[in-house]
Structure formats: C-alpha cells, structure tokens
Amino acid sequence: MTILLGFFITLACMLGGFTMMGGHVTVIWQPWEYVIICGAAFGTFVVANPMKTIKDCGSATVEAFRNDVPTQEEHIELLSLLFFMMRELRDKSRAEMEMIIDAPQESEVFKRSPSVTEHEDLTTFICDYFRLIIMGNARTHEIESLMDEEIETARHDKLKAYHALVAVGDGLPALGIVAAVLGVVKAMGAIDQAPEILGGLIASALVGTFAGIFFSYAVVGPLATKVKIVREKRLRSYVIVKQSLLAFMNGAMPQVAIEHGRKAISAYERPTINDVEAATISGGSRAPSESRKAA
C-alpha cells in the first residue's frame, strides 16, 4: 500500500503543480514517446538478464508491493522452531533426528511453524546445519564460516532483481533523450509548418526527456530500493538461525541460544523475551498481544 500511496502523491504533486503553473496536462500524454522509452528499457532489460532473473524481478516486485517482510509472529515461529529442534536434539537419538530433518514438511516440529516451512530455502538451511551438528565432527568456527558463505551467496542471489532494476533505472534518462531526439527529428520534418504546429511537435519531443527522468527517479529507482529492503529483511532470518545455532553449539541451553537469535532481529521488529518464552516454554506460539495480556 505504501508504494501505491507514494506513486499517488508523486503524480498528484507533479500534475497538480504543472496545472497550477498554467500547463495543460493533455500535452504530457504522448503515448508513443512512452512506448519508445518503456519498450527500449524492457528490451535492454531482457538482453542484460537471464530468464531466471527476469522472472525473479516479477516476484520481487510483488513482494515489494505486498511488503512481504517477516512479522513479529513469524520471528517468534522461527525462534520457537529452533528451540524445539534444539530440545529434540538433546532428547532424541541421531536416527530420530535424521527422520525429522529428511522430511521436515511431515514433522510435527516443523508443522508448528508454517511461516518457516513455506520458505523452502530457509527450511533447507535449518535442516542442513542441524544435520552437520548431529554428525558431531564439525567445529563451531568451521560452521560459522560455512554459514557466512552461504548467507552471502543467498544475499547475492536474492539481490539480483534489485541490481537488474537499478540498471534499468540508470538507463531510463538516456532512453528519454533517445525518444526526445526522435521527436525532434520528426519536428524538423515539419519545419515549414506554422509555428503553432511546430511548437506542439517540439513540446511532444521534450516530453520524452521528462518521461525518462521521471520513470527513473520516481518509479523504477524507488521500487528497486523497496525490493532491496524487503529482501534484506527476509534474509535476516538466516542470521537469526546462525546466531542461535552457534550459541547452542558453544554449549548454551536452547532457551539461551534462541535469545542470541532474538538479539539479531532489528529493534523495530524484535519480539519481547516474554513473547518468545510464551511460545516456547508453554509449547505453543501465541501472538505478542496475547502473551502480553497473559503476562
């Protein structure tokens, strides 16, 4: 909603200010200039990116519009899952743990945290490192190094859409100039026409420059930034898992280990320790508001 609100404010201020200056909004409506700019931008976007990145840009845009970032409830579900997995690791045999890790979607432990299991990459990340832990041969600093490398790789992959959109945004002003030049070429072909006609053609050409700059800095650029913010917040879940597991490997109790993970959450979205305790010690995941009332 914030994206649509921002676009509305931008258009209202731009068109409203132009109208109050005495301009005619209909002059800005030059569809073929927009076809040149947007078509060329999309064409270069297709040339520069593999099909997987092109599709991912669509997914990233939807995520940005939905503001698909982890909520407090999702953070609590993740911490609860880690807590119960650590507890199971202490109480169950290696064979029983391998059954949980090999089929997380069928495990009762994972079924308690649907917001985690719906993200396959995160579920795989959790299972892989619990598998390394139950093997018993990996050292903590080796696991930490491996986690850092995998998180950085995931970040690189998730931000490909951001970099692709930034490249499009950077090229739009130049493509606006291309459209403007083509408009001027058309105007020069009518140099023998009346000044009113020639002036209208030149004005149409200048709309191309305006549109290229506007699309770059008021549409694509902000959208790319939103994509980056949303995806980096989603990647924060990996850091939560990392900090919790490293603390557990260093000998911390499960309840203390997930506190290490909780501290990795931004203060703006971090659940309180009472919320986390209510979801772990009581064996269920309650909403923050409910746990506060119980407290």
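# Helix H4, its contact with H12, and the salt bridges

In this predicted model, Asp56, Ser59, Ala60, Thr61, Glu63, Ala64 and Phe65 of helix H4 are in contact with Leu223, Lys226, Val227, Val230 and Arg231 of helix H12. The residues that form this contact of H4 with H12 divide into 6 nonpolar, 2 polar and 4 charged. Salt bridges that share partners also join Asp56, Glu63 and Arg231 into one network, and the count of salt bridges comes to 15.

**How H4 and H12 are arranged**

- Helix H12, which covers residues 195–249, packs with H4 at an angle of about 80°, and the axes of the two helices are 9 Å apart.
- Because angles of 65 to 115 degrees count as roughly perpendicular, H4 is described as roughly perpendicular to H12.

**Thr53 in H4**

- Thr53 has its place in helix H4, which covers residues 51–66.
- The relative accessible area of Thr53 is 9%, and this residue is therefore buried, since buried means under 20%.
- When residues up to four places away in sequence are not counted, Thr53 touches Lys160 and Ala164.
- From C-alpha to C-alpha, Thr53 and Val109 are 34 Å apart in space, while in sequence they are separated by 56 residues.

**A salt bridge between buried residues**

- The side chains of Glu74 and Arg234 meet in a salt bridge, with a distance of 3.5 Å from N to O.
- This pair links distant parts of the chain, with Glu74 in helix H5 (residues 72–91) and Arg234 in helix H12, 160 residues apart.
- Both Glu74 and Arg234 are buried.

**Salt bridges between partly exposed residues**

- Asp121 and Lys158 meet through their side chains in a salt bridge of 3.9 Å, N to O.
- Asp121 lies in helix H9 (residues 120–135) and Lys158 in helix H10 (residues 140–158), so this salt bridge ties together parts that are 37 residues apart in sequence.
- Asp121 is partly exposed, with a relative accessible area of 46%, and Lys158 is likewise partly exposed, with a value of 30%.
- The side chains of Glu269 and Lys233 form another salt bridge, at 3.1 Å from N to O.
- Here too the pair links distant parts of the chain, since Glu269 is in the loop between helix H13 (254–262) and helix H14 (273–280), whereas Lys233 is in helix H12, 36 residues apart.
- Glu269 is partly exposed, with a relative accessible area of 21%, and Lys233 is partly exposed at 33%.

Definitions and conventions: Residues are numbered from 1 along each chain as its sequence is written. This is a predicted model: local features need pLDDT of at least 70, side-chain atom pairs count only at pLDDT 80 or more; totals for chains, interfaces and linings use all residues. Side-chain values use heavy atoms; hydrogens and water are left out. Helices (H or I, at least four residues) and strands (E, at least two) are DSSP runs, numbered from the N terminus. Buried means under 20% relative accessible area, exposed over 50%, partly exposed in between (1.4 Å probe, protein chains only). Contact means heavy atoms within 4.5 Å. Axes are lines fitted to C-alpha atoms, for helices over the stretch in contact, and angles run from 0 to 180 degrees between N-to-C directions. Angles under 35 degrees count as roughly parallel, over 145 as roughly antiparallel, 65 to 115 as roughly perpendicular and the rest as oblique. Ala, Val, Leu, Ile, Met, Phe, Trp, Tyr, Cys and Pro count as nonpolar, Asp, Glu, Lys and Arg as charged, and the others, Gly among them, as polar. A salt bridge is a side-chain nitrogen of Lys or Arg within 4 Å of a carboxyl oxygen of Asp or Glu.
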